[in-house]
Amino acid sequence: MKTQVAIIGAGPSGLLLGQLLHKQGIDNIILERVTGDYVLGRIRAGILEQGFADLVREAGVAERMDAEGHVHEGVELSVNGVRHRIDLKELTGGDVVVCYGQVEITRDLMDAREAAKLETYYEASEVQPHDVKSDTPYVTFKHGGEEYRLECDYVAGCDGFHGVSRQTIPQELRTEHERVYPFGWLGLMADVPPCNEELIYAMSERGFALASQRSLTRSRYYLQVPLTDKVEDWSDERFWDELKKRLPADVAANMQTGPSIEKSIAPLRSFVCEPMQYGNLFLVGDAAHIVPPTGAKGLNLAASDVATLYKILTRVYKNGDKDCISQYSEIALRRVWNGERFSWWMTNMMHDFEGEVSSTGMDPLMQKRFMESELNYYLNSENGRKVIAEQYVGLPYEEPK
């Protein structure tokens, strides 16, 4: 088998890259270790930066997003019950975010790929890239009991944190940075209307909470909980009761509750792998970086990786410009570290660190007072609110030189 770009992973980043390359006439084949239904069953983010939404439109799969997605022109930060609205549109000169679930983006991309009759191998096992430092890389895998060899020009590793792509880079040639946070997020999804038109990030003496949404009839809520907690510890009734105590009183009073349709606990961490490129292998999304969800950057950073790689490969195949290939990691990491920093900042500002001593050796109460002072400045200064808004909607995608 032969193709121009072998894509490992059929999540939203792999599918979006495949669709964008297809629009430019660049052949690609996707290999995915699980079934399509399993991919669609993953509960993930739902806030799309301006750049990501525009990239979906460029890929030609935005019809349902534009019809059903909910445009948010602002976001709220609540500090001990006091609400502060960040007017994204006004502070950024027109940029907004779109509330549209990752599952829906994935489904749209799957449908587009199937309609175009592009090759995707679901339930592909023992996927392994080879000779990625050469001009003739290839990927071996098993499918339906048969062994395959897929020859290609480039390999895009969109296979997540536990995938094979990052492990293909020799350990001595990669540096991995990690920060594990001392708490997790307990998430609950329910078919009830959102408690507010826009998202609310809430800091309280009882801990952090987030009021999010997937649609006008489906809500997603989160609570900061200790890592020792289990889902079984939290009945629906206990969750709703605690959530109301952490959100502003007027919001809690009007909140509609209902039975959960999904409930889970996710640990929080920051992770970055450097470099994101090894020869003709490129790491994309969670294969190279993970952020705490506080800044809504996980899926959006993956999209920015896709945008960078797509632009580079288009230039390679359209203009014969192979010199730009080496720019991928440098360009991608600039945006990754910016997103990591913003997510770290939001996490530090809005969460209770439960008495943990910081890496500076500062006592927990002193650190808490510093964070409160910094948050107070940002929320009560137009320049501060502008910084939050610009980071939240996402920086413009960088063009390769």
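**Close-up views of a predicted model**

**Figure 1. Helix α3 and the glycine that follows it.** In this predicted model, helix α3 spans residues 50-58, and its buried residues are Q50, F52, A53, L55 and V56. Just after α3 comes G60, which takes a positive phi of about 80 degrees.

**Figure 2. The largest cavity.** A search of the whole structure finds 2 cavities of 30 Å³ or more, and the view is centred on the largest, which holds about 60 Å³ of space. Its lining is formed by E49, K297, N300, L301, R335, N338, G339, Q391, G394 and L395. Two helices, α10 (298-319) and α11 (328-350), each supply at least two of these residues. The largest share, 3 residues, comes from α11. By class, the lining divides into 2 nonpolar, 5 polar and 3 charged residues.

**Figure 3. The second largest cavity.** The volume of this cavity is about 40 Å³. The residues that line it are P12, V39, L40, R42, Q102, V103 and T106. Helices α2 (36-40) and α6 (102-115) each supply at least two residues of the lining, and α6 gives the most, with 3 residues. The lining has 4 nonpolar, 2 polar and 1 charged residues.

**Figure 4. A buried arginine, R214, without a salt bridge.** R214 is found in the loop between β15 (209-213) and β16 (219-225). The residue is buried yet has no salt bridge. The nearest side chain of opposite charge, that of E262, is 8.0 Å away, and a salt bridge requires the nitrogen and the carboxyl oxygen to be within 4 Å. Leaving aside neighbours within four places in sequence, R214 is in contact with R44, A45, G46, C99, G101, M189, R220 and Y222.

**Figure 5. Surroundings of N196.** The loop between β13 (175-190) and β14 (200-203) holds N196. With a relative accessible area of 16%, N196 is buried. Apart from neighbours within four places in sequence, its contacts are E76, R83 and Q213. E49, one of the residues lining the largest cavity, is 147 residues from N196 along the chain, and the C-alpha atoms of the two are separated by 20 Å.

**Figure 6. Backbone features in three loops.** The peptide bond from E274 to P275 is cis, with omega near -5 degrees. P275 lies in the loop between β17 (260-274) and β18 (277-278). A positive phi of about 55 degrees is found at K117, although this residue is not a glycine. K117 is in the loop between α6 and β8 (120-121) and counts as exposed, at 73% relative accessibility. A296 is also not a glycine, and its phi is positive, near 55 degrees. The place of A296 is in the loop between β20 (289-290) and α10. A296 is buried, with a relative accessible area of 19%, where buried means under 20%.

**Figure 7. Salt bridge and network at helix α6.** R107 forms a salt bridge with E104, and the closest N and O atoms are 3.0 Å apart. The two residues are separated by about one helical turn, because they are 3 residues apart in helix α6. An α-helix has 3.6 residues a turn, so residues three or four places apart point the same way. Both side chains belong to partly exposed residues: R107 has a relative accessible area of 30%, and E104 has one of 25%. R107 and E104 are also linked with R64, E68 and D108 in a network of salt bridges.

**Figure 8. A salt bridge between strands β9 and β10.** In the pair formed by E126 and K142, the closest N and O atoms are 3.4 Å apart. E126 lies in strand β9 (residues 125-130) and K142 in strand β10 (residues 138-143), so the salt bridge ties together parts that are 16 residues apart in sequence. E126 is exposed, with a relative accessible area of 55%, whereas K142 is partly exposed, at 29%.

**Figure 9. The salt bridge of E176 and R174.** The count for the structure comes to 30 salt bridges. In the one shown here, the side chains of E176 and R174 meet at 2.5 Å, N to O. R174 is buried, with a relative accessible area of 14%, while E176 is partly exposed, with a relative accessible area of 36%.

How values were computed:
Residues are numbered from 1 along each chain as its sequence is written. This is a predicted model: local features need pLDDT of at least 70, side-chain atom pairs count only at pLDDT 80 or more; totals for chains, interfaces and linings use all residues. Side-chain values use heavy atoms; hydrogens and water are left out. On a 1 Å grid over the protein atoms alone, a cavity is a set of points where a 1.4 Å probe fits but cannot get out, and a pocket is an open set with protein on both sides within 12 Å along at least five of seven lines; lining residues have an atom within 4 Å of a point. Grid points are joined across faces, edges and corners, and a volume is the space filled by probe spheres set on the points. Helices (H or I, at least four residues) and strands (E, at least two) are DSSP runs, numbered from the N terminus. Ala, Val, Leu, Ile, Met, Phe, Trp, Tyr, Cys and Pro count as nonpolar, Asp, Glu, Lys and Arg as charged, and the others, Gly among them, as polar. Buried means under 20% relative accessible area, exposed over 50%, partly exposed in between (1.4 Å probe, protein chains only). Lys and Arg count as positive and Asp and Glu as negative; His and the chain ends are not counted. Contact means heavy atoms within 4.5 Å.
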